[in-house]
Structures are given as structure tokens and as C-alpha cells.
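I set out here what I looked up in this structure, entry by entry. The entries cover the surface, ring pairs, cysteines, strands and charged side chains.

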Amino acid sequence: MKMHEPQEGPGVIAGLPESVKTVRLFGDREILLVGTAHVSRKSVEDVRQTIELSDPDSICVELCQTRYENITDRERWKNTDIVKIIREKKAMFLLSSLILTSFQKRIGQKLGVEPGAEMKKAVELAPAKQAELVLADRDIQITLRRTWARLGFFDKLKMFAQLSLGLVVTGEIDEETIEEIKKDENLADILEMLAREFPKVKATLIDERDVYLAGKIRQAPGRRVVAVVGAGHVPGILRELEEIEQKPLEPLMDVPPPSWWPSLLKWGIPAAVVALLVIGFLRAGAEHSLGSIYIWVLVNGVLSALGALLALGHPLTVLAAFLAAPLTSLNPMIAAGWVAGLVQAIVKRPRVEDLENLPEAIVSVKGFWLNPVTRILLVVAFANLGSVLGTFISGGWIAARTIG
């Protein structure tokens, strides 16, 4: 363990940036929390200055293994298996992640800063300072799965709509705006707004990760630890570090089972449609039921195909969406978007070049639609959305003509 020379009195280091909060734990341990913005040039300098001045034993970064590889391995996209992603039902997770990344990249381009540059700087300085690098964040897949499991259907649609809007609209953002956002009083307003709009999202994306990050920072070896985290996490981490006992982290790694009502809805709607067809047959004969079947097939098929078409899917993909939607809407184990996405991936399989260009493609709306990888994800999303709309519209139409 390295020995530290205190400056300006016991445990005080001269010249630390304003973004740094110092916490002293039992056993003469010192935690230096650096609150950053992921697209701030000043945050990069704050990280460098703090590490240089403090000579830490450990450097904690707000990264999990996946995100660490994302910022350190430029070749990672070459190994992306888009077919496997669709089969494992991870297409929507990847699409949401790419939309968020797109937002950060466009802001970063305006400011001339690579998103995550402050984390990358901390990672680069760890070997030079002979400090142990600690990946202190919870695995991104667990965070996303816990968040997704807690959201209702309409909350998911609302969140995806707001994410998609962020792809198109960024507004004017400069370095001064970024630094203002990092201030405690502004962060409180932003988090309060997030809590009002999506309380369950705030619980998993912010609150739980505050607990997890604080726990990992506590466990970091050495007397002096520098922790580089997003400014939004600093207040929560400070609260957790002030607690005498550390909260257990294991429960935060579990994925809660989905709510019972979405499953009931997924199986209930097909059962209701079949029941309506039977009732229509008994009350008005085969011709009535046949008309209801036509409605089901055409409305489901056309809307799902239209979704695939909006995503600029291949003609065979559009046809696959049309044929699959009426059947998959009656089978909750399969989705029309998955079928359409697999067909798109087969007829327009992405090349290595397309995967390599993905980080640049997602910066613009045009790039999202033209890159073969993101186009597949858009096919999945839009074909599924069309199928869902088709199910509700055609189901309501059939109910009205059968019972009304």
C-alpha cells in the first residue's frame, strides 16, 4: 500500500476541483468522489487533476465490464451477432441503448468531447499511478432487465417514444449548459422530474445504482480511493457512505419476476378473440366468423407490414411481417417483429464494415435508418408496434360486430 503525504493539514489535499467531494471512513480511509458529466471537457480535466494530486491506491469508475469494453475496445462491434440478439429477445434493449448513445455522441460532437472520455481518462491513469482499477457499476444488462421488468406496457411505450424523440431533438447544448446541469440544485430538479415521469425507472437507474456504487467504492482496496461517477449519483452515494453499515448488494443483482397482469393480457386477448369467433359462429353463422377472421388477418398483417416498411425493411421482410402478425398475435411466445427482424437479418445480413461503422451511423437519424444493423432493430421495433396496434384495433372491431 502506498503512503500518502497529507497537504494543508491531516488528510487535506490542496487544489482539488470543485466537483470533488471528500468522505472519510472509519480506519483512516479517504474517498474522493469526482462528479462528472459524460460529455464534459472540464470533467476530463477534473479527473486527471484529482488523480494526479491524490495519488490514490484505487480508482473506481462508474463502469461495468460491458461498458468498460465498450470504451476501451474499438473492435467490439465486429463480433456482434445480430441474429443471436433477436433470438435472445434483446433487440429492444440494444436499440434503446443505441438511441441513448446516439444522444450522448451528438452532444459530444458539438462540444468536441468523446462521450465517456472522463471514464477513459481514469482507466488510462490507473496503471501509471499503480492504482487498482475497480469497475464499480452494476452490469448494464441487469440494470436494464430490472428496469424493464418493473415497467408496465404503456410505460414502456412512453419511454421508447421519449427516447426516440431524443434521437431527433437535442436543442442547443454548450459546455456552460453541461456545467450548470452538474450543479447540485439543478440535478435535484432533473431527478425530481425523472421520478415524477418514471418513478420505477429512477429507482433502478439511479437509486439502486447509488447503493451498488457506494458498496463497491467501500470495498475498493487501499487508504485513499478516487471514485469517478456521474454527477447525478454523487448525492446518493454520499448518503450511502455516511451509513455505518453497508447494505447488501446481492438483492440488487436479482431480476424480479414480471407482473402477472401482462401475462394475463398476453394470453387473455388471444383467448378472447377465439371466444368471439366462436360466439359469432354460434350467433350469426360461418359467414360472420369468416368476416371476423378477415378483419383479424388484414388489420394485424397490414399494420405490422407497415411498421416493417417504415423501417425500410426488405420486401420479403414486409411480407414476413404481414404473414406472421395474425399468427403471432395469437401466440404470446412469438412476436411478429422477431420474425420480421430475422428475415431482414438473413436477406440483408450486416457486413463487418456495417458493424464497424455503427458508432458513426447512430449519430444521425439518417444513419439509424441506413445502417443495416440498426435497420434490423428498427424492423423489430416497428413491426412489433404495428402488430400490437393491430391486435387492439382488430380485437375491438371484432368485439363490436359480435356483441354490439
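**Entry 1: a surface tyrosine**

I found Tyr294 to be exposed, as its relative accessible area is 51%. For this class I used three bins: buried is under 20% relative accessible area, exposed is over 50%, and partly exposed is in between, with a 1.4 Å probe and protein chains only. The model is predicted, so I accepted local features only at pLDDT of at least 70 and side-chain atom pairs only at pLDDT 80 or more, while totals for chains, interfaces and linings use all residues. Residues are numbered from 1 along each chain as its sequence is written, and side-chain values use heavy atoms, with hydrogens and water left out.

I located Tyr294 in helix H13 (residues 286-310). Helices (H or I, at least four residues) and strands (E, at least two) are DSSP runs, numbered from the N terminus. I then asked which residues make the nonpolar surface patch with Tyr294. They are Leu290, Ile293, Val297, Leu298 and Val302, and the patch with Tyr294 included covers about 520 Å². Patches take residues with over 30% relative accessible area and no salt bridge, joining like charges within 9 Å and nonpolar side chains (Val, Leu, Ile, Met, Phe, Trp, Tyr) within 5 Å. The accessible areas come from the Shrake-Rupley method with a 1.4 Å probe, and for residues only the protein chains shown count as cover.

**Entry 2: aromatic rings**

I searched the whole structure for aromatic pairs and obtained 1. Trp369 and Phe382 form this pair, which is tilted, with 6.0 Å centre to centre and 40 degrees between the planes. The pair links distant parts of the chain, 13 residues apart: Trp369 belongs to helix H18 (residues 365-370) and Phe382 to helix H19 (residues 372-403). Rings of Phe, Tyr and Trp (its six-membered ring) pair if their centres lie within 6.5 Å; planes under 30 degrees apart are stacked, over 60 edge-to-face, and the rest tilted. I noted Trp369 as partly exposed, because its relative accessible area is 21%.

**Entry 3: cysteines**

How many disulfides does the model hold? I counted 0 disulfides, a disulfide being a pair of cysteine sulfur atoms within 2.5 Å. I also looked up two cysteines for burial. Cys60 counts as buried because its relative accessibility is 1%, and Cys64 is buried at 2%.

**Entry 4: strand E2**

I asked why strand E2 (residues 29-36) is described as largely enclosed by the rest of the structure. The reason is that 8 of its 8 residues are buried. In a regular strand the side chains alternate between the two faces of the sheet. In E2, Arg29, Ile31, Leu33 and Gly35 point one way, Glu30, Leu32, Val34 and Thr36 point the other way, and all are buried.

I next recorded the partners of E2. Strand E1 (residues 20-25) pairs with E2 in the antiparallel sense over 6 bridges; two strands pair if DSSP finds at least two bridges between them. Leu25 has Arg29 of E2 as its bridge partner. E1 and E2 form a hairpin with 3 residues between them, and Gly27 in the turn has a positive phi of about 80 degrees. Strand E5 (residues 224-230) runs parallel to E2 and is joined to E2 by 7 bridges. There, the bridge partner of Leu33 is Ala227 in E5.

**Entry 5: salt bridges**

I found 14 salt bridges in the whole structure, each a side-chain nitrogen of Lys or Arg within 4 Å of a carboxyl oxygen of Asp or Glu. Glu45 pairs with Arg48, with the closest N and O atoms 2.5 Å apart. Both lie in helix H1 (residues 41-54), 3 residues apart, about one turn of the helix.

Lys129 forms a salt bridge with Glu52, the closest N and O atoms being 3.3 Å apart. This pair links distant parts of the chain, 77 residues apart: Lys129 is in the loop between helix H5 (117-128) and strand E4 (132-135), and Glu52 is in helix H1. Lys129 is buried at 18% relative accessible area, whereas Glu52 is partly exposed at 36%.

Arg67 forms a salt bridge with Asp137 at 2.7 Å between the closest N and O atoms. Arg67 lies in helix H2 and Asp137 in the loop between E4 and helix H6 (140-150), 70 residues apart. Asp137 is buried, with a relative accessible area of 5%. I closed the entry with the network of salt bridges that links Glu62, Arg67, Asp137 and Arg209.
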